Amino acid sequence: MIKNIAGTWKLISFKSVDDKGNEFFPWGETTGQLIYDSDGYMAVMIQGKGLKNFISEGLKDGTSEEKIDAYGKTISYSGKVEVYSDKVVHVIEHSLFPN
């Protein structure tokens with residue numbers, strides 16, 4: 001079944017569901033990409049729209065405020081993907097959020 005979804009996908013929306021079943025959009029409008037390969041691996045990048053560039057050009061040289069804003073509006077992870085007839089399950093092996 002992985003061959004049915006293998007490729008690069010553009011994220012259309014990102015929503016969360018709380019313990020009571022209420023849906024919400026944690027970052028408002030988002031942009032992102034999902035990549036599935038035929039060997040059963042995936043990579044995901046999701047960002048809130050409107051994320052500003054750092055003033056500095058260095059990857060680690062942003063101000064504390066810039067880093068907090070970027071971290072607070074971004075999630076990226078990768079790992080295995082399991083495809084079933086009614087759902088796709090991401091088994092996260094690496095993530096920006098370490099928990």
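Start by selecting Met1, which sits in the segment before α1. Helices here (H or I, at least four residues) and strands (E, at least two) are DSSP runs, numbered from the N terminus. Met1 counts as exposed because its relative accessibility is 54%; the scale is buried under 20% relative accessible area, exposed over 50%, partly exposed in between, with a 1.4 Å probe and protein chains only. Now add Glu82: the two C-alpha atoms are 8.8 Å apart, although Met1 and Glu82 are separated by 81 residues along the chain. Show contacts too (heavy atoms within 4.5 Å). Beyond its neighbours within four places in sequence, Met1 touches Val83, Tyr84 and Ser85.

A word on what you have open: this is a predicted model, in which local features need pLDDT of at least 70 and side-chain atom pairs count only at pLDDT 80 or more, while totals for chains, interfaces and linings use all residues. Residues are numbered from 1 along each chain as its sequence is written, and side-chain values use heavy atoms, with hydrogens and water left out.

**Zoom out**

Switch to cartoon and you should find two helices and seven strands. Trace them from the N terminus and the order is α-β-β-β-β-β-α-β-β. Along the principal axes, the C-alpha atoms fill a box of roughly 45 × 35 × 25 Å. Of the 99 residues, 21% are buried. If you take contacts with a separation of 6 or more, 45% of them are between residues 24 or more positions apart. Put a surface on and you are looking at about 7500 Å² of accessible area, 54% of it belonging to carbon and sulfur atoms. Such areas come from the Shrake-Rupley method with a 1.4 Å probe; for residues, only the protein chains shown count as cover.

**Into the core**

Next, select Ile2, Ile5, Leu11, Leu34, Tyr36, Met42, Val44, Ile46, Ile75, Tyr77 and Val81: these eleven residues make up the largest nonpolar core. Two or more residues of this core come from each of α1 (2-5), β4 (30-36), β5 (41-48) and β6 (74-83). A nonpolar core means a set of buried Ala, Val, Leu, Ile, Met, Phe, Trp, Tyr and Cys residues joined through side-chain atoms within 4.5 Å. In soluble globular proteins, nonpolar side chains tend to be buried together.

Stay on Ile46 for a moment. Which residues does Ile46 contact, leaving aside its neighbours within four places in sequence? Light up Leu11, Phe14, Trp27, Thr30, Thr31, Gly32, Lys73, Thr74 and Ile75.

From there, hop to Thr30, in strand β4. Is Thr30 buried or exposed? Thr30 is buried, since its relative accessible area is 8%. Sequence neighbours within four places aside, Thr30 contacts Leu11, Ser13, Phe14, Ile46, Gln47, Gly48 and Lys49.

**The ring pair**

Show the side chains of Phe14 and Trp27. Their ring centres are 5.3 Å apart and their planes are at 15°, so the pair is stacked. The rule takes rings of Phe, Tyr and Trp (its six-membered ring) with centres within 6.5 Å; planes under 30 degrees apart count as stacked, over 60 as edge-to-face and the rest as tilted. The count by this rule is one aromatic pair. Phe14 is partly exposed at 23% relative accessible area, and Trp27 is partly exposed at 24%.

**Salt bridges**

Now colour by charge and look for three salt bridges, each a side-chain nitrogen of Lys or Arg within 4 Å of a carboxyl oxygen of Asp or Glu.

- Lys15 and Glu23: the closest N and O atoms are 3.1 Å apart. Lys15 is partly exposed at 42%, whereas Glu23 is exposed at 51%.
- Lys49 and Glu29: the closest N and O atoms are 3.7 Å apart. This pair links distant parts of the chain, with Lys49 in the loop between β5 and α2 (64-72) and Glu29 in the loop between β3 and β4, 20 residues apart.
- Asp69 and Lys73: the N to O distance is 3.1 Å. Asp69 is partly exposed at 27%, and Lys73 is partly exposed at 28%.

**Last stop: a surface patch**

Finally, select Tyr71, Leu96 and Phe97, which make a nonpolar surface patch of about 290 Å². Patches use residues with over 30% relative accessible area and no salt bridge; like charges are joined within 9 Å, nonpolar side chains (Val, Leu, Ile, Met, Phe, Trp, Tyr) within 5 Å. Leu96 lies in the segment after β7 (88-95) and is partly exposed at 36% relative accessibility.
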